Amino acid sequence: DSDNTIGELKEVLAYREREKNRLILAYEDVLNEKESLESKQKQLLNEIQSLNESKKAYTDFNDWKSKYEEQSNKLKELEQANACLEDSNKTLREKLKKNLEVW
């Protein structure tokens with residue numbers, strides 16, 4: 001009967017040893033998965049930072065573009081006003097020349 005008990009105890013100990021090894025392997029898998037997730041998290045944080053920098057650069061570019069277009073439009077308006085003044089001056093000179101010829 002004691003041989004039966006010793007054999008049963010050996011089986012229980014062997015089972016517990018296998019279970020312990022299975023749990024150790026499962027724990028190592030969990031640690032590996034954790035490291036993998038932490039690495040992915042770091043990569044995603046870097047991508048977020050890069051996207052935020054790109055967004056800022058894009059916003060800065062759009063601000064510059066908007067100011068450039070505004071200045072360009074003002075320049076066109078001034079060029080048109082200048083052309084009108086030149087036409088007006090030309091017309092006035094012609095009228096003055098005709099008036100002087102009449103005199």
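These are my notebook entries on the fold, surface and charge pairs of this protein chain.

**Entry 1: overall form.** I worked from a predicted model. I looked up the secondary structure first and found 1 helix and 0 strands in the protein chain. I then checked the dimensions: along the principal axes, the C-alpha atoms fill a box of roughly 150 × 10 × 10 Å. The radius of gyration is 44 Å, whereas a compact globule of 103 residues would have one near 13 Å.

**Entry 2: burial and surface.** I asked what share of the 103 residues counts as buried. The result is 0%. For the exposed surface of the protein chain I noted about 10,200 Å², of which carbon and sulfur atoms supply 56%.

**Entry 3: a nonpolar patch.** I noted a nonpolar surface patch formed by Phe 61, Trp 64 and Tyr 68, with about 380 Å² of accessible area together. Phe 61 belongs to helix H1, which covers residues 2-102. With a relative accessible area of 44%, Phe 61 is partly exposed; patch membership requires over 30%.

**Entry 4: charges.** I recorded 19 positive and 23 negative side chains in the protein chain. The centres of the two sets lie 11 Å apart. Side chains of opposite charge can pair when their charged atoms come close. I therefore searched the whole structure for such pairs, taking a nitrogen-oxygen cut-off of 4 Å, and the search finds 5 salt bridges. Three of them are entered below, among them Lys 56 with Asp 60.

**Entry 5: Lys 34 and Glu 38.** These two form a salt bridge, their closest N and O atoms being 3.7 Å apart. Both lie in helix H1, 4 residues apart, about one turn of the helix. Lys 34 counts as partly exposed at 47% relative accessibility, and Glu 38 is also partly exposed, with a relative accessible area of 40%.

**Entry 6: Lys 56 and Asp 60.** Here the closest N and O atoms of the salt bridge are 2.9 Å apart. Lys 56 and Asp 60 are separated by about one helical turn because they are 4 residues apart in helix H1. I found Lys 56 exposed, at 52% relative accessibility, but Asp 60 partly exposed, at 38%.

**Entry 7: Glu 70 and Lys 74.** I noted a salt bridge between Glu 70 and Lys 74, with 3.6 Å between the closest N and O atoms. Glu 70 and Lys 74 are 4 residues apart in helix H1, so about one helical turn separates them. Glu 70 counts as partly exposed at 42% relative accessibility. Lys 74 is partly exposed as well, with a relative accessible area of 41%.

Methods
Residues are numbered from 1 along each chain as its sequence is written. This is a predicted model: local features need pLDDT of at least 70, side-chain atom pairs count only at pLDDT 80 or more; totals for chains, interfaces and linings use all residues. Side-chain values use heavy atoms; hydrogens and water are left out. Patches are made of residues with over 30% relative accessible area and no salt bridge: like charges are joined within 9 Å, nonpolar side chains (Val, Leu, Ile, Met, Phe, Trp, Tyr) within 5 Å. Accessible areas come from the Shrake-Rupley method with a 1.4 Å probe; for residues, only the protein chains shown count as cover. A salt bridge is a side-chain nitrogen of Lys or Arg within 4 Å of a carboxyl oxygen of Asp or Glu. Helices (H or I, at least four residues) and strands (E, at least two) are DSSP runs, numbered from the N terminus. Buried means under 20% relative accessible area, exposed over 50%, partly exposed in between (1.4 Å probe, protein chains only). The radius of gyration is taken over C-alpha atoms; the globule rule is 2.2 Å times the number of residues to the power 0.38. Lys and Arg count as positive and Asp and Glu as negative; His and the chain ends are not counted. The place of a charge is taken as NZ of Lys, CZ of Arg, CG of Asp or CD of Glu.
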